There are 2 protein chains.
Amino acid sequence: MRIDMHAPILGKNDALAAELRELFAAKGVYVLNLLASPGSGKTSTILATIDGLRDEFNIAVIEGDIASSVDAETIKRQGLPAVQINTGGSCHLESAMMKRAVEVLDLDRLDLIIVENVGNLVCTTDFDLGENAKAVILSVPEGDDKPLKYPGIFEISDAVLLNKVDTLPVFDFDTAAFEERVRALNPAAPLFPMAATKGSGVQEWTSWLGGQIRACQEQGA
Amino acid sequence: MRIDMHAPILGKNDALAAELRELFAAKGVYVLNLLASPGSGKTSTILATIDGLRDEFNIAVIEGDIASSVDAETIKRQGLPAVQINTGGSCHLESAMMKRAVEVLDLDRLDLIIVENVGNLVCTTDFDLGENAKAVILSVPEGDDKPLKYPGIFEISDAVLLNKVDTLPVFDFDTAAFEERVRALNPAAPLFPMAATKGSGVQEWTSWLGGQIRACQEQGA
C-alpha cells in the first residue's frame with residue numbers, strides 16, 4: 001500500500017534569485033550552494049575548501065542555520081568574512097535571506113561565496129539562491145540508500161561529495177551501489193570521495209571547484 | 001552579523017491531528033512519531049523496537065519517505081502491517097497523510113503504531129500527527145552540536161535516543177556535552193544511548209516505551 005502526495009512548490013523565490021545571479025555575474029563572484037543533512041560535514045568541508053583555495057581566491061561564507069552562530073564563528077576564526085543567517089524555523093535558505101546576507105559583503109573584493117544551507121536533504125532542493133553550482137554532501141554513516149530516498153537533491157546537484165570515507169571500515173556502506181544510485185539520477189555530476197577533517201580526497205574537489213571559478217571568471221572578463 | 005527570520009507555521013494541520021488523537025484513544029492504540037535526520041537509524045531502531053515489544057503488543061508501522069518503499073518492504077519482512085507514504089517532495093508527514101494511512105490499518109487489532117517520519121530535523125517538528133509521543137534519534141556521527149543548531153526538535157520530543165554509540169571511538173563526540181545541551185532544552189525527556197543494529201541499550205528504550213503504552217491502555221480501560 002502506497003500513498004503518493006505532492007506538496008506545492010514555491011516559485012516566488014526564483015525572480016529574486018535570477019536578480020542575484022546577474023549581480024554575482026556582474027561582480028565576477030562565483031557562488032556555491034552547499035547542501036547536506038545535519039552532521040554530514042558541511043562546515044569541515046568548507047574549512048578544507050578554504051584551505052585549498054584561499055591562496056588564489058578571496059572567499060566569504062554565508063552560514064544558514066535554524067539557530068546559533070557556531071558555524072559563522074568557526075569561519076571567522078579563519079580570518080574570513082562570514083554572515084550567519086538564522087532562519088528561525090525555516091528548513092532552507094531563500095533568495096530573500098540570501099539578498100540580505102549579500103548586502104553585508106563587499107562583492108567587489110570577492111571571488112567565491114560558499115553558502116552553507118540548512119542541514120536538510122529535502123527542502124533546500126527547491127530554492128534557487130542565484131548560485132553558480134549546487135554541491136551535495138553525503139557522509140558514509142548516513143547509508144548508501146539515501147539517493148533512493150532523497151532523489152531530488154542528487155538530481156539537481158552539480159557535484160556530489162561522499163564525506164567521512166575514513167569511516168568506511170566501521171559502516172556497512174556499499175560505495176559501488178551508492179555511485180550507481182547517484183549515476184542513475186545524475187550521470188554528469190562528478191563524485192568526490194573525501195574525508196574533510198583528515199584532508200584526504202579534498203584536493204580533487206578543490207581542483208574541480210577552482211576550475212569552475214576560473215572558467216566563470218574568464219567568461220565574465 | 002546575524003539575520004533573524006521566521007517562517008509562518010502552518011496551523012491547519014492541527015484540527016485533523018486532534019481528531020486522529022481521539023480516534024487512537026478510542027481504539028486504545030498508542031502512536032509514536034519517530035523523528036531524525038536521514039541515516040541516523042530510524043528503520044533499524046524500529047526493527048529493534050519491534051523485536052523488544054512484539055510479544056506483548058500488536059504493532060504496525062507507517063513509513064514516511066519522499067520516494068521509494070524500501071523501508072516498508074523491510075518492515076513487511078518482519079510479518080507486520082506496514083504502510084508506505086510517499087510525500088512526493090514534502091519534507092514532513094502531515095495529519096492528512098496520516099489519516100489516509102491509518103484508514104488502511106485495522107485499529108481494533110493494534111496496540112502500537114510506529115510512524116517513521118521523513119528524515120528531517122526541522123520540518124517534522126511543527127506537524128502534529130495525533131501521536132501520543134514524539135521521539136527524536138540523533139546518531140553519534142552527526143555530532144554533539146546538533147541540539148544547538150536544531151533546538152526545536154529536541155524541545156518538543158518526549159524521548160531522546162542517541163544511536164550508533166558503538167561508533168563513539170571513531171568520532172569526536174562529547175556525550176556529556178550532548179546530554180547537557182539536550183537537558184538545557186528539555187529537562188524532562190529521558191535519554192537513551194543505544195546501538196540499534198547491535199542491540200545494546202535497546203532494552204532500556206523498549207522498557208520505557210512499553211510502560212508508556214501500558215499506562216495509556218490503563219487510562220483508556
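The following exchange concerns a predicted model with chains A and B.

Reader: What makes chain A as compact as a globular protein of its length?

Author: Chain A has 8 helices and 8 strands. Its radius of gyration is 17 Å, and the globule rule gives 17 Å for 221 residues, so chain A is as compact as a globular protein of that length. Along the principal axes, the C-alpha trace of chain A spans about 50 × 40 × 35 Å. Of the 221 residues, 50% count as buried, a term that requires 20 or more other C-beta atoms within 10 Å.

Reader: How many of the contacts in chain A between residues at least 6 apart in sequence join residues at least 24 apart?

Author: The share of such contacts that join residues at least 24 apart is 75%.

Reader: How do you know what relates chain A to chain B?

Author: Chain A is superposed on chain B by a rotation of 180 degrees with 0.0 Å of shift along the axis, at an RMSD of 0.0 Å. The two copies are therefore related as by a two-fold rotation axis. The same surface serves both copies, since 100% of the contact residues of chain A recur in chain B.

Reader: Which parts of chain A supply the side that touches chain B?

Author: In the contact between the chains, 50 residues of chain A meet 50 residues of chain B. At least two residues each come from β1 (2-4), β4 (82-86), α4 (95-102), α5 (146-149) and α6 (151-156) of chain A. Of these, β4(A) gives the most, with 4 residues. By class, this side of chain A holds 24 nonpolar, 17 polar and 9 charged residues.

Reader: Why is α1(B) described as it is relative to α4(B), parallel or antiparallel?

Author: The axes of α1 (residues 13-27) of chain B and α4(B) come within 8 Å and cross at roughly 30 degrees. Angles under 35 degrees count as roughly parallel, and α1(B) is therefore roughly parallel to α4(B). On the side of α1(B), the contact is made by Asn13(B), Leu16(B), Ala17(B) and Leu20(B). On the side of α4(B), Ser95(B), Ala96(B), Met98(B), Lys99(B) and Val102(B) take part. The contact has 6 nonpolar, 2 polar and 1 charged residues.

Reader: How do you know whether Asp108(B) is buried or exposed?

Author: Asp108(B) has 9 C-beta neighbours inside 10 Å. A residue with 12 or fewer counts as exposed, so Asp108(B) is exposed. Asp108(B) lies in the loop between α4 (95-102) and β5 (112-116) of chain B. From C-alpha to C-alpha, Asp108(B) and Leu53(B) are 18 Å apart in space, and they are 55 residues apart in sequence.

Definitions and conventions
Residues numbered from 1 in each chain as written. Chains lettered and ligands numbered in written order. Predicted model: local features only at pLDDT ≥ 70, side-chain atom pairs only at ≥ 80, totals over all residues. Least-squares fit on C-alpha atoms with pLDDT ≥ 70 in both. Contact = placed C-beta atoms within 7 Å. Rg over C-alpha atoms; globule rule 2.2 N^0.38 Å. Nonpolar A, V, L, I, M, F, W, Y, C, P; charged D, E, K, R; others polar. Axes fitted to C-alpha atoms, helices over the stretch in contact; angles between N-to-C directions. Parallel < 35°, antiparallel > 145°, perpendicular 65-115°, else oblique.
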